[in-house]
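Colleague: I am new to this structure and would like a close look at a single part of it. Please choose one residue and take me through its surroundings step by step.

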Amino acid sequence: MSEYAPMQGPMFGQPVPSQPLPPESTEFTPLPPEPRPAIDRGWRSPFRGLFGKSRRGHLLAQQMQQLMGQRVQVATFSGKLDGEVAGVYPDNFLVAKEGQRYYIRWDAIAYVTPVEEL
């Protein structure tokens, strides 16, 4: 056959003759689904509490509620701040100082100490 011989088979746009499918084999049966492993009731996700309200924030909120209206010194990663506790919220608390308000998140606190008036 030469390299310029016409191709054999259907032309573009013509239907291709269908061939019968091979018979289904019965020697391979599908596997039953595997049972899902039971999770222990004691198992906890390592991400639990990572994005939600933390236990530390809850405890700090309870302690700061007792200091409402008192002067405190708060140390954060960016510095120290003296002021009066004006509000306590689930994720932060409010410190008022000379007409300015500062919202401080629980995660940013290094320590909080009450300041005694002389």
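Modeller: What follows is a walk around Phe 93 and the aromatic pairs of the chain. The model is a predicted one, and it helps to begin with the chain as a whole, which has one helix and five strands, arranged along the sequence in the pattern α-β-β-β-β-β. Of its 118 residues, 19% count as buried, and about 11000 Å² of accessible surface belongs to the chain, with carbon and sulfur atoms making up 56% of that area. Among the contacts with a separation of 6 or more, those between residues 24 or more positions apart account for 38%.

Phe 93 itself is found in strand E3, which covers residues 92–97. Its relative accessibility is 0%, and because buried means under 20%, Phe 93 counts as buried. Leaving aside residues up to four places away in sequence, Phe 93 touches Met 64, Val 74, Val 85, Gly 87 and Val 88, and also Tyr 102, Tyr 103, Ile 104, Trp 106 and Ile 109. A further spatial relation concerns Ala 61, which is 32 residues from Phe 93 along the chain, while the C-alpha atoms of the two are separated by 7.9 Å.

Two of the residues that Phe 93 touches, Tyr 103 and Trp 106, lead on to the aromatic rings. A pair of such rings is described by the distance of the centres and the angle of the planes. The count of aromatic pairs comes to two. One of them is formed by Tyr 89 and Tyr 103, whose rings are 6.5 Å apart from centre to centre with 40° between the planes, and this pair is tilted. It links distant parts of the chain, since Tyr 89 lies in the loop between strand E2 (79–88) and E3, whereas Tyr 103 lies in strand E4 (residues 100–105), 14 residues apart. Tyr 89 is partly exposed at 36% relative accessibility, and Tyr 103 is likewise partly exposed, with a relative accessible area of 49%.

Phe 93 and Trp 106 also form a pair, with ring centres 5.2 Å apart and planes at 20°, so this pair is stacked. Here too distant parts of the chain are linked, with Phe 93 in strand E3 and Trp 106 in the loop between E4 and strand E5 (109–114), 13 residues apart. Trp 106 has a relative accessible area of 3% and is therefore buried, just as Phe 93, at 0% relative accessibility, counts as buried.

Technical notes
Residues numbered from 1 in each chain as written. Predicted model: local features only at pLDDT ≥ 70, side-chain atom pairs only at ≥ 80, totals over all residues. Heavy atoms only, no water. Helix = DSSP H or I, 4+ residues; strand = E, 2+ residues; numbered from the N terminus. Buried < 20%, exposed > 50% of the residue type's maximum accessible area, 1.4 Å probe, protein only. Contact = heavy atoms within 4.5 Å. Areas by Shrake-Rupley, 256 points an atom, 1.4 Å probe, with all protein chains shown as cover. Phe/Tyr/Trp six-rings, centres within 6.5 Å; stacked < 30°, edge-to-face > 60°.
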